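Please open the model in your viewer and keep a selection panel at hand. The tour below goes from one selection to the next and says what can be found at each stop.

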Amino acid sequence: MKLLLRIVLIIVCFCVAEANAFAAKPRKAQLMDREYWVSLASKMAVPVLENMAKGELQKNMQTEFSPSFDNRNRKVLYMECFGRLMAGIAPWLSLPDDNTAEGKRRRQLREWALASYKNAVDPSSPDYLCWGIGGQNLVDAAYIAESFLRAWDTLWLPLDTLTKKRYISEFIKLRRIDPPYTNWLLFSSTIESFIAKAGGPFDEYRVNSACRKMEEWYVGDGWYSDGPHFAFDYYSSYVFHPMYLETLQAMADAKVNSRLDYKKYYDRELMRCQKYAIVLERLISPEGTFPVFGRSIPYRMAAMQPLALMAWYRKLPKDLTNGQVRAALTKVLHRMFDTQDNFNAGGYLTIGFCGHQPDIADWYTNNGSLYMTSLAFMPLGLPADDAFWTDAAQPWTQVKAWSGQEFPKDHAWKDNIVTHDKW
């Protein structure tokens, strides 16, 4: 018995030593950060776009629905999957072609994406999306519009004239959907601001009323209330900051002259988003985890979208360096995706947060919804030689704090930009 205990103790010590040695290995012994991000983005995108480009997504996708899924038409899943995926990888696909392995992969995905966009609005395609069958369509049409805004020259302009007309027509038809008095107002404003930038007949009231509500619902330190009552969740990440910024930018790009000064509104919202990015970075633990709270948590990495957005914009606040943000996000990606059951046998995402956990799904969740996790991949839109990828990895705030290092103290933040109607 004593001999057995000694053997077990030796094995345990050996395993611990091996684990510590692995943790101490230099990063070059693992996949390089960008290569790892590309591999994950590709793993999510290939099954969706390869099938949809051939008009076979709705035929071949292995689907999954929340145990409490409501009675809505289940075909909404495909629009959710496509729109959310494209909103996340659009910046990456907008990079110019090159002959690297990544460049060849990116070029193939872009070709599939352009074919998929065409099929999405072609009534003769088996992958024509379920435009207008319910309120959920407003949500995911907004993510499609957002993907165009994020890769205008690469994903919108190359589309043929008929396909563009079909998109404008489908977007306009969605005006019959009355959005709930929540973050949904930004789905309408994102679509309408896209139409404005595309030179179509947009609804100025849907844009400006959403902007005014965002100002009323801002509660401070980067957080928005999801409607009149504050909810402690990640919807400031999923919707508020990105879609508010993009609505304002699209209206400025379209040179719309309305009562609102979109540039001033944008500058103020950018600072709020930077403050919120600081909050998000501080939520990442030394182990690469972040707190699980609120609804829609199966959206996984979408909780980090504003941090990724600021990195892609090259607008990280001064308290955050490229090296620490990349290191923190990469650690979370490894923690979430390396060993857990996040994909089904067909290569599609499973319902869960860190693995397959279907019981955490909300009543509106399906595995198409989950492609919102791709929104954290926006820094791939920065070229490989950008400082975000080439700067040395640095410890992020919680690593410093919990190892006795100096770190910046947090502080309350208030903006000093005042906006008035122009007339």
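Which residue caps the N-terminal end of α10? Select D203 together with Y205: D203 is the cap, and one of its side-chain oxygens lies 3.0 Å from the backbone nitrogen of Y205. Before going further, bear in mind that this is a predicted model, with a mean pLDDT of 93 for the protein and 93% of its residues at 70 or more. Over residues 1-29, however, the pLDDT is below 50, and beyond near neighbours in sequence this stretch has 3 contacts in the model. Where pLDDT is low, the predicted coordinates should not be read in detail, so you may wish to hide residues 1-29 for the rest of the tour.

**Helix α10 and what covers it**

Extend the selection to residues 204-217, which form helix α10. From its first C-alpha to its last, this helix of 14 residues reaches 20 Å, close to the 20 Å expected at 1.5 Å a residue. Colour R206, V207, N208, A210, C211, K213, M214 and W217, the residues of α10 that are buried. To see what lies over them, display α9 (185-197), β1 (218-220), β2 (223-224), α11 (235-253) and α12 (262-283), which are included in the cover of the buried residues of α10.

**The largest cavity**

R206 also leads to the next stop, since R206 belongs to the lining of the largest cavity, along with L138, F171, L174, R175, S188, I191 and E192. A search of the whole structure finds 2 cavities of 30 Å³ or more, and the largest holds about 30 Å³ of space. Helix α9 supplies the largest share of the lining of this cavity, with 3 residues.

**K197 in helix α9**

Stay on α9 and select K197, which lies in this helix. Is K197 buried, exposed or partly exposed? Its relative accessible area is 24%, and K197 is therefore counted as partly exposed. Leaving out residues up to four places away in sequence, K197 touches L149, W152, A250, D253 and A254. For a sense of distance, draw a line from the C-alpha atom of K197 to that of Y234: these residues are 37 apart along the chain, and their C-alpha atoms are separated by 29 Å.

**Helix α12 and V279**

Next, select α12, a helix of 22 residues that reaches 31 Å from its first C-alpha to its last, close to the 32 Å expected at 1.5 Å a residue. This helix is mostly covered, with 17 of its 22 residues buried. Within α12, centre the view on V279, which is buried with a relative accessible area of 15%. Apart from neighbours within four places in sequence, V279 is in contact with D221 and W223. G220 is 59 residues from V279 along the chain, and the C-alpha atoms of the two are separated by 12 Å.

**Two positive phi angles**

Move on to S296, in the loop between α12 and α13 (305-313). Phi of S296 is near 65°, a positive value in a residue other than glycine, and S296 is buried, with a relative accessible area of 0%. Then go to R314, in the loop between α13 and α14 (322-337), where phi is near 60°, again a positive value in a residue other than glycine. R314 is exposed, its relative accessible area being 55%.

**The loop between α14 and α15**

The last two selections are in the loop between α14 and α15 (387-390), and S369 is one of them. S369 is buried, with a relative accessible area of 0%, and, not counting residues up to four places away in sequence, S369 touches E80, R84, Y299 and Y364.

Finish at Q340, which also lies in the loop between α14 and α15 and is partly exposed, with a relative accessible area of 34%. Show its side chain and that of T339, and look for the polar contact of 3.3 Å that joins them. Which residues is Q340 in contact with, leaving aside its neighbours within four places in sequence? They are R335, C354 and G355. As a final distance, Q340 and F353 are 13 residues apart in sequence and 9.7 Å apart in space, C-alpha to C-alpha.

Note on methods
Residues are numbered from 1 along each chain as its sequence is written. This is a predicted model: local features need pLDDT of at least 70, side-chain atom pairs count only at pLDDT 80 or more; totals for chains, interfaces and linings use all residues. Side-chain values use heavy atoms; hydrogens and water are left out. pLDDT is the predictor's confidence in each residue, from 0 to 100. Contact means heavy atoms within 4.5 Å. Helices (H or I, at least four residues) and strands (E, at least two) are DSSP runs, numbered from the N terminus. The expected span of a helix is 1.5 Å times one less than its number of residues. Buried means under 20% relative accessible area, exposed over 50%, partly exposed in between (1.4 Å probe, protein chains only). A polar contact is a pair of N or O atoms within 3.5 Å; within protein, one must be able to donate a hydrogen and the other to accept it, and residues adjacent in sequence count only if both atoms are side-chain atoms. On a 1 Å grid over the protein atoms alone, a cavity is a set of points where a 1.4 Å probe fits but cannot get out, and a pocket is an open set with protein on both sides within 12 Å along at least five of seven lines; lining residues have an atom within 4 Å of a point. Grid points are joined across faces, edges and corners, and a volume is the space filled by probe spheres set on the points.
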